[in-house]
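Dear colleague,

I am passing on the structure below, together with an account of what turned up when I went through it. Please look at the sequence and the model first, and then read on.

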Amino acid sequence: MTVLVLLASILIAAVSIYQYKEEAEEYHQERLDRKEARIQIAIDNALRSTTYPVDEEHLSRIFGYKQKIYQISEEHTLPINIYGLDGKLLIKSEGFFAGDTIDTQLSPVILDTLASLYDKKYLVKSEKNGEKFLSSYTYIADISSKPLGILNLPYLEDDDLITRELIEFLQRVGQVYLLMMLIAIALAYFLSKYITRSLKTISETIDQTRLDKRNKRIQIGDASDEIYSLVNAYNSMIDELEESAAMLAKSEREAAWREMAKQVAHEIKNPLTPMRLTVQSFQRKFDPKDPKIDQKIKEYSDTLIQQIDTMSSIASAFSNFAQMPAQKNETLDVVKIVGLALDIFNEDYIVFPSEKEEIIAKFDRTQLIRVVTNLVKNGIQAIPEDHTPKVEVRVYTENNDVIITVADNGIGITEDNKKMIFEPKFTTKTSGMGLGLGMVKNIVETYKGSITFTSQEGKGTVFKVKFPREQL
């Protein structure tokens, strides 16, 4: 809108200047024609009243007598030059122009052009000394219309008055268009704010759209039909998206429960089979009079207890994995908590050299103990019987993070298993559910931390846990 107003003002100014120039040219030409007609009448009267012979040779005497040419020039306020038919200057008036602005000899072009024109009138536009002239050339004729000489009227185009009028007009138009420009800017601003208000609301809502949360529908007031169509399309998309997300979540939950049920059933069947066989064998071979009956009952009881413990560990593993860590940002001493977690282990080869007596961080005490015990337990289980076991736990700070490392000298992790090490249900051991490292990763990432590892086959593995420390 602002650009259109600006272009309109420029266009009107250009048209006005062009129009004023044309009007100025027409004005000067008409004025020159009027003066020329009157001067011709005055010249004809001078030719009729003269006592000199009316011919080309006596023209200078006729108009020089009693300064006739000067009288006519002053009367009509226009300089007069009279040339012979050969183009030579015969007589001229004085007082209006300097001598160097008057040609003493007309060019052949002017003579030939004047002779060839039907109305015997030739206008020439010229500029001398920075001034613009409109020169008129016509024949001076006697009573029988025989050419006697050439009348030249140099007319100075004085545009001061017209230029002042043009400047005043442009100033007034400029003031009007400046006011219109300010009004257009104000209208454009408020109109754009009105139009973009709805678009800004839509844009902000779209930017906040997420697949993992409930999205809000867009509610707008007055808006155009196009905006309403866009809002309705977005709201319809949100409704469909929520329905699809709900169906997808339901499907994923059902699939997860089915998979978990299969896994639980499979793991529980493993200890149930030897328990069933043991009971059946005991039923067949039970003899109260057998002298070794006490030993057999003890073996039978130990077998059942072992399998019951296995089933209990399976249930505990699933229970621990299902319990998502709560974000209890307790301020605690990491060194002290790690030491408490290691107290449950009786192995002498677990080494805990701490570089600092106290490292304060925000974490949940129970979850931190679970992280350490799971990593240490995995380290112990990774050491084969033919190795001298060693598990080293370290706690230190690195920049603004707390670092916990658990290193063992076990068999290490193969390249194929490294990609799946944190996946639930993945395990390389003959017993266990493979949920420990997945649970550890889940806990650490909940507290904006990370867990990584480096491993060499046959030499051991180092797990590194990193999470932000408390800023004191």
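Please keep in mind throughout that this is a predicted model.

I will begin with the chain as a whole. The chain has 472 residues, of which 33% are buried, and its secondary structure consists of eleven helices and twelve strands. If one takes the contacts between residues at least 6 apart in sequence, 62% of them join residues at least 24 apart. The surface that the chain exposes comes to about 30,300 Å², and carbon and sulfur atoms account for 54% of that area.

One part that may help you find your way around is an open sheet of five strands, in which the pairing is mixed and the order is E7-E9-E10-E12-E11. Strand E7 (350-351) and strand E11 (450-456) form the edges, and because each has a single partner strand, one side of each is left without a neighbour in the sheet. As general background, the strands of a sheet pair through backbone hydrogen bonds, and they can do so either parallel or antiparallel. Strand E9 (residues 391-398) and strand E10 (residues 401-408) run antiparallel and are joined by eight bridges; within this pair, Val-395 stands opposite Ile-404 of E10. Helix H8 (residues 334-342) lies across E7, E9, E10 and strand E12 (460-468), and its direction makes an angle of about 165° with E9.

Turning to the charged side chains, the structure contains five salt bridges, and I describe some of them here. Lys-121 forms a salt bridge with Asp-33, with a distance of 2.6 Å from N to O. Since Lys-121 belongs to strand E3 (residues 121-128) whereas Asp-33 belongs to helix H1 (residues 2-49), this pair ties together parts that are 88 residues apart in sequence. Lys-121 is partly exposed, at a relative accessible area of 24%, and Asp-33 is likewise partly exposed, at 30%.

Lys-121 also meets the side chain of Glu-36 in a salt bridge, here with an N to O distance of 3.0 Å. Glu-36 lies in helix H1 and Lys-121 in strand E3, so this pair ties together parts that are 85 residues apart in sequence. Glu-36 itself counts as buried, because its relative accessibility is 5% and the cut-off for that class is under 20%.

A further salt bridge, at 3.0 Å from N to O, brings together Lys-418 and Glu-415. These two residues are three apart in helix H10 (residues 415-418), so they are separated by about one helical turn. Lys-418 is partly exposed, with a relative accessible area of 23%, while Glu-415 counts as exposed at 53% relative accessibility. Elsewhere, salt bridges with shared partners link Asp-33, Glu-36 and Lys-121 into one network.

Finally, there is a nonpolar patch on the surface, covering about 430 Å² and made by Leu-191, Tyr-194, Ile-195, Leu-199 and Leu-230. Which helix gives the most to the nonpolar patch? That is helix H5 (residues 160-207), which supplies four residues. Leu-191 is in helix H5 and is partly exposed, with a relative accessible area of 41%.

With best regards

How values were computed
Residues numbered from 1 in each chain as written. Predicted model: local features only at pLDDT ≥ 70, side-chain atom pairs only at ≥ 80, totals over all residues. Heavy atoms only, no water. Salt bridge = Lys/Arg side-chain N within 4 Å of Asp/Glu carboxyl O. Buried < 20%, exposed > 50% of the residue type's maximum accessible area, 1.4 Å probe, protein only. Patch = residues over 30% accessible without salt bridge, like charges linked within 9 Å, V, L, I, M, F, W, Y side chains within 5 Å. Areas by Shrake-Rupley, 256 points an atom, 1.4 Å probe, with all protein chains shown as cover. Contact = heavy atoms within 4.5 Å. Pairing = 2+ DSSP bridges. Axes fitted to C-alpha atoms, helices over the stretch in contact; angles between N-to-C directions.
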